[in-house]
Amino acid sequence: MFNYNFRWNQAFNSLPQMLEGALVTIEIAVLSMMIGITVAITLTVFRLSGNRFLSAIATTWVEIARNTPALFQIYMVHFGLGGFGIHLSPYMSLLIGIAFNNAGYLAENFRGALKAIPDTQTRAARSLGMSSGQAFTNVVMPQMLRIAFLPMTNQMVWAILMTSLGAVVAMNTDLYGVTSELNARSFRTFELFAIAAVIFYLLTKAITLSARLLAARLFRY
Amino acid sequence: MIEIENVRKSFGPLEVLKGINLTVPRGEVLTVIGGSGSGKSTLLTCINGLEPIDSGKILVDGIEVHAKSTDLNKLRQKIGIVFQQWNAFPHLTVLENVMLAQVKVLKRSKAEAGAEAEKQLKHVGLGDKLSVYPSRLSGGQQQRMAIARALAMSPDYMLFDEVTSALDPQLVGEVLDTLRMLASEGMTMICVTHEMKFAREVSDRVAFFHKGVMAEIAPPEELFDAPKDPELRQFLAATH
Amino acid sequence: MIEIENVRKSFGPLEVLKGINLTVPRGEVLTVIGGSGSGKSTLLTCINGLEPIDSGKILVDGIEVHAKSTDLNKLRQKIGIVFQQWNAFPHLTVLENVMLAQVKVLKRSKAEAGAEAEKQLKHVGLGDKLSVYPSRLSGGQQQRMAIARALAMSPDYMLFDEVTSALDPQLVGEVLDTLRMLASEGMTMICVTHEMKFAREVSDRVAFFHKGVMAEIAPPEELFDAPKDPELRQFLAATH
Amino acid sequence: MFDTALTVNDLILLAKGAGMTLLVTAISVFFGTILGIVFGVVRYQIGPWWAAPMTFVLDIFRSIPLLIQLVLANAFLTAVLKLKMSGFAVACGVLSLYTAAYCAEIVRGGIESVPLTLRRAARSLGMSWGQDMRNIVLPLATRVALPSWIGLALGVMKDSALVYIVQVVELLKSTQILITRLQEPLFLLMICGMFYFVISFPIARFGGYLEKRWSND
Amino acid sequence: DKLDDIIASGKLRCAVVLDFPPMGSRDADNNPVGFDVDYCNDLAAALGVTAEIVETTFPERIPALMSGNVDVAVASTSDTLERAKTVGFSIPYYAFENAVVTSEKAGLTGWEDMKGKTVGATAGTYEAIWLEGKVKEWGEGEFRPYQNQADVFLALSQGQLDATVSTMEVAEANVKSGNFPGISIADKAPMVPDYVALITLREEYGLINYMDLFINQQVRTGRYAELYKKWVGDGEPANLSIPGVYR
Ligand SMILES: Nc1ncnc2c1ncn2[C@@H]1O[C@H](COP(=O)(O)OP(=O)(O)OP(=O)(O)O)[C@@H](O)[C@H]1O
Ligand SMILES: Nc1ncnc2c1ncn2[C@@H]1O[C@H](COP(=O)(O)OP(=O)(O)OP(=O)(O)O)[C@@H](O)[C@H]1O
Ligand SMILES: NC(=[NH2+])NCCC[C@H](N)C(=O)O
Ligand SMILES: [Mg+2]
Ligand SMILES: [Mg+2]
């Protein structure tokens with residue numbers, strides 16, 4: 001039917017390398033989420049702090065992360081910081097770029113979630129003698145994370161997808177990087193990227209599925 | 001002893017407390033009644049320092065609540081408070097709800113806190129609900145849990161803000177019974193309530209608030225049966 | 001005339017209407033009573049073709065509702081229906097709510113539709129709410145608006161499905177009064193209701209539904225005062 | 001920092017890139033939205049079971065990196081099928097489907113947010129399916145869907161930065177061309193970022209405002 | 001076939017890499033210029049059609065060809081056997097030597113010093129593949145494939161890379177341009193000469209044949225030397241014949 005000669009064999013021979021790449025992709029996505037959540041919580045606290053300076057930092061971060069392309073952000077982390085003599089490896093550039101993006105989006109989600117938590121919760125905690133920090137970490141935050149769980153799952157999927165942007169900072173060990181390097185040598189573009197696409201698809205499905213299982217275990221109330 | 005000296009408090013242009021003077025000695029059960037918006041809740045939240053005041057002084061066991069040097073978190077351990085809106089922490093089981101502040105604030109060990117929590121929960125009749133999440137509790141059970149949570153901090157004073165008014169009528173009784181029990185055990189309490197029968201029965205004194213002023217304070221028989229303040233008379237007529 | 005001939009209808013395994021036979025001549029006010037889940041609402045939605053039926057026939061003025069060839073949208077103009085849940089269109093003012101179907105379905109001009117809408121709204125006592133959005137209306141007003149909206153299509157029949165049961169008690173009266181008015185004007189009506197007093201007062205006949213069967217149908221005096229069906233007797237005993 | 005070798009010509013190049021970004025975005029959002037509405041309505045109408053194959057296909061567009069979608073589509077259409085298609089056409093096609101996949105979900109959510117009782121009421125007044133959709137569902141669903149749709153459109157604009165992979169010179173690529181010649185990476189990237197920000201930020205804020213306003217009534 | 005299609009359409013679409021001076025770059029008005037650009041124009045002129053320059057990066061030039069976005073690539077493409085499995089090569093139209101370019105901070109003096117350093121090159125290029133192989137062989141250091149030549153030099157000048165291997169002519173041009181402070185040429189890379197050719201689809205023998213003859217004519221007519229002088233400078237253009245073997 002097609003007068004294109006598929007060379008699936010050749011592409012499949014690269015499967016082990018690509019699967020290794022998939023592991024790196026997962027690793028980056030997971031780490032970037034862990035950093036992203038931590039930073040997002042910090043930004044959320046900044047925005048709640050009432051301190052003008054801190055909330056300006058948080059707002060700037062959130063708005064830049066949400067209003068510029070992720071590709072741009074990752075490129076900036078590598079070559080932008082590079083201009084100031086801060087040199088990050090491709091791996092770190094990609095990781096930090098994605099974490100930056102994650103943090104911005106998650107902070108916004110957290111803000112929405114916080115609105116859904118009545119401030120009587122904080123009052124109740126404070127009147128038991130808890131400090132405002134204790135009230136936030138022990139009472140407000142767990143509830144916030146639950147409400148924001150679905151957006152967090154979505155962001156995790158985004159994190160997986162964003163690893164594909166690493167090539168612009170010379171990242172070559174993640175799934176996309178491995179695939180594009182293979183492609184640059186053998187030019188079996190369709191076959192190689194079709195396999196990568198399937199792996200990506202399975203990865204994201206695995207993420208959403210395990211998130212659902214995790215939610216069932218985590219939130220029993 | 002709680003001493004309130006000429007306390008004034010405004011929200012923006014609205015003066016909510018217009019110079020309140022009140023002393024509640026240890027062991028007393030004081031009930032506060034009054035119309036909606038008269039400043040009852042505000043007074044309670046000022047006593048444990050959740051709200052700042054504009055002028056005047058509040059002393060709890062001689063410590064000035066609103067002094068800069070006061071460690072509010074420490075002070076609040078002395079003063080339990082239960083609000084009208086149920087505010088169980090929904091992500092924690094009943095037992096964990098009662099343990100949390102003990103562990104975090106009093107630095108009790110988990111075992112110790114757990115034992116205390118269990119004791120207090122049994123005390124308010126929730127001994128069989130320890131590992132249940134609050135969403136499974138009725139409103140009355142949630143309020144009793146909140147009382148146990150406050151009691152577990154071994155407070156010297158308890159403040160109750162209309163703890164029964166968001167409850168279905170059939171659940172009111174169980175919560176009032178819990179309050180009666182506390183009163184009979186000698187706890188110093190300030191109860192804001194609309195339950196006149198309850199007020200008459202347990203109070204040592206009853207205070208009537210009207211538009212930010214404590215218009216009358218007297219033992220229950222006197223206040224209910226021979227009200228002097230005309231507003232109080234009107235108020236009592238409306239609630240009967 | 002509405003003729004219902006041996007109508008059967010199931011939702012999945014559940015048979016909700018088990019062979020209903022019923023004729024409602026022009027000008028009659030028929031009331032339908034019966035326990036929850038007995039199929040009353042289902043019957044009404046079958047009459048105007050919102051629900052398909054499994055077997056049997058429903059004829060409205062001789063037109064078979066569920067025949068393939070029937071233009072349901074046209075037929076439905078003849079049959080006004082008002083539901084238990086208020087369903088004002090929230091994005092339209094009261095006047096626009098009543099005008100919409102006139103303009104879209106009857107192709108009336110805006111002026112014409114507006115005049116008719118105003119007339120009907122005045123009729124149900126909402127003459128002063130024309131340009132208000134439904135969110136500003138009380139439940140009773142919303143129901144009366146729904147009635148006006150149906151009436152504006154100049155229907156020959158009106159179906160009412162427990163129009164008062166989602167209302168606060170003090171609002172029920174105003175809606176029943178509107179129904180009474182319609183009945184007195186000679187409108188052909190089927191009213192599903194739990195208001196026995198109302199049923200007795202306005203109905204020409206009352207039908208009792210039980211588990212998908214029309215167990216008894218008779219003039220109100222007979223049905224209420226000398227019920228034959230044992231289930232009906234039990235039902236009446238429970239509702240008194 | 002601002003003594004730059006940037007000339008008017010360069011600004012024109014950037015402007016052209018920005019124009020390309022906006023053009024690709026506009027085309028994709030336009031067709032993607034139309035498709036998305038069709039898919040969303042169909043999906044709602046035939047129910048989740050019958051729509052499963054469609055849901056599956058649309059889901060693919062949301063589960064694979066856009067970069068790979070572009071590369072694959074380009075390779076498939078031009079190298080495998082040997083169709084004569086410009087990179088621009090491929091970019092618009094892929095981005096349209098990508099938009100449609102997200103838009104379909106938004107549309108479905110919007111429709112589902114309209115209470116069934118309202119739609120029954122409309123139908124029982126004699127309104128046809130189309131009249132109900134047009135006069136009741138559309139206005140009500142729009143309120144729910146518009147804020148998310150604005151977010152989607154802005155997302156597509158940002159994601160259009162990836163179409164360089166099929167030889168479309170959009171804003172980020174134009175910026176890189178200038179960086180290659182002028183070697184002022186930070187300054188040029190700043191301009192590029194500002195452009196995205198200046199378009200995206202106010203519109204995003206507007207979407208947030210709408211969301212707040214409409215969720216209050 | 002393609003040759004006929006090109007003539008019929010009146011347009012020759014050439015993939016050219018424009019971050020690769022002097023072979024391809026942009027002038028002050030951002031118009032494409034360079035050896036490869038002129039070469040494409042010459043080829044178009046010979047065919048009697050107009051040339052359309054399509055900018056690609058190195059990794060994208062063969063995909064662009066395969067996807068039919070361009071007819072030929074005049075993009076300094078090394079004639080490797082791996083690539084010949086996919087695309088069709090003409091005879092060489094140029095031959096490069098490769099240089100080791102280093103960031104001054106890294107203090108490399110010879111190519112052996114690259115061992116253990118962070119090095120990079122443009123993804124998928126001849127020298128990138130060679131360099132990555134070397135890094136693997138050394139078993140230490142890091143190799144980074146950037147997506148285009150400009151990023152490589154940017155990274156080098158920022159000090160993110162210690163060294164790269166790049167075409168001598170290009171390295172010289174970039175060092176001279178002053179755009180990249182702090183880089184210099186340290187050494188020649190020990191690679192066999194890098195013969196580069198025009199490419200088109202593998203099965204387009206007619207066009208390949210045409211291109212072979214065209215290249216031959218460019219040398220014969222002195223146009224090759226002329227372009228060399230124009231873009232590279234004084235000196236001898238590389239000898240395109242390989243003694244001792246037929247092509
Ligand atoms: N945080 C606040 N900001 C502004 N106004 C407030 C605030 N809290 C309370 N108020 C106002 O202060 C007044 C007194 O409120 P307060 O809650 O103390 O009354 P209350 O006596 O407890 O009434 P109720 O019986 O309704 O609970 C009211 O008019 C209320 O609207
Ligand atoms: N769309 C539906 N799908 C499945 N079951 C339905 C549906 N609509 C109604 N039913 C079921 O059909 C039965 C009859 O419902 P119907 O609404 O007609 O009862 P009803 O007599 O109106 O009761 P009520 O007085 O509670 O309104 C009920 O058991 C109900 O659960
Ligand atoms: N410094 C460079 N980027 N050189 C790339 C030149 C192209 C190289 N000869 C190749 O075809 O792979
Ligand atoms: Mg109060
Ligand atoms: Mg019903």
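This is a chat about how chain A meets chain D and chain B in a predicted model.

Student: What should I keep in mind about this model and its numbering before we start?
Tutor: The model is predicted, so local features need pLDDT of at least 70 and side-chain atom pairs count only at pLDDT 80 or more, while totals for chains, interfaces and linings use all residues. Residues are numbered from 1 along each chain as its sequence is written, chains are lettered from A in the order in which they are written, and side-chain values use heavy atoms, with hydrogens and water left out.

Student: OK, chain D against chain A: how many residues are in contact?
Tutor: On the chain D side 38 residues are in contact with 37 residues of chain A, where contact means heavy atoms within 4.5 Å.

Student: And what area is buried there?
Tutor: About 3100 Å² is buried between chain D and chain A, and carbon and sulfur atoms give 76% of that; buried area is the accessible area (1.4 Å probe) that two parts lose on being put together, summed over both. Of the area that chain D buries against chain A, 17% comes from D:Val80, D:Lys158 and D:Leu186, more than from any other three residues.

Student: How many salt bridges cross between chain D and chain A?
Tutor: The rule finds 2 salt bridges across that interface, a salt bridge being a side-chain nitrogen of Lys or Arg within 4 Å of a carboxyl oxygen of Asp or Glu. The side chains of D:Asp59 and A:Lys205 form a salt bridge, at 2.4 Å from N to O.

Student: Which helix of chain D gives the most to that side?
Tutor: Helices α2 (52–63), α3 (66–80), α4 (87–112), α6 (129–159), α7 (171–182) and α8 (185–215) of chain D each supply at least two residues of the side that touches chain A, and α8(D) gives the most, with 11 residues. Helices here are DSSP runs of H or I with at least four residues, strands are E runs of at least two, and both are numbered from the N terminus.

Student: What sort of residues make up that side of chain D?
Tutor: They divide into 28 nonpolar, 4 polar and 6 charged, with Ala, Val, Leu, Ile, Met, Phe, Trp, Tyr, Cys and Pro counted as nonpolar, Asp, Glu, Lys and Arg as charged, and the others, Gly among them, as polar.

Student: Switching to chain B, what are the contact and buried area with chain A?
Tutor: The contact takes 25 residues from chain B and 18 residues from chain A, and the two chains bury about 2000 Å² between them, 61% of it on carbon and sulfur atoms. In chain B, the residues that lose the most area to chain A are B:Phe89, B:His91 and B:Tyr133, together 27% of what that side buries.

Student: Which side chains form the salt bridge there?
Tutor: The count between chain B and chain A is 1 salt bridge, in which the side chains of B:Glu51 and A:Arg123 meet at 3.9 Å, N to O.

Student: Which residues of α6 in chain A are buried?
Tutor: In helix α6 (residues 120–127) of chain A, the buried residues (under 20% relative accessible area, 1.4 Å probe, protein chains only) are A:Thr120, A:Gln121, A:Ala124, A:Ala125 and A:Ser127.

Student: What covers them?
Tutor: The cover includes α7 (132–147) of chain A together with α2 (72–78), β6 (79–82) and α5 (139–151) of chain B. Just after α6(A), A:Gly129 takes a positive phi of about 95°.

Definitions and conventions:
Buried < 20%, exposed > 50% of the residue type's maximum accessible area, 1.4 Å probe, protein only.
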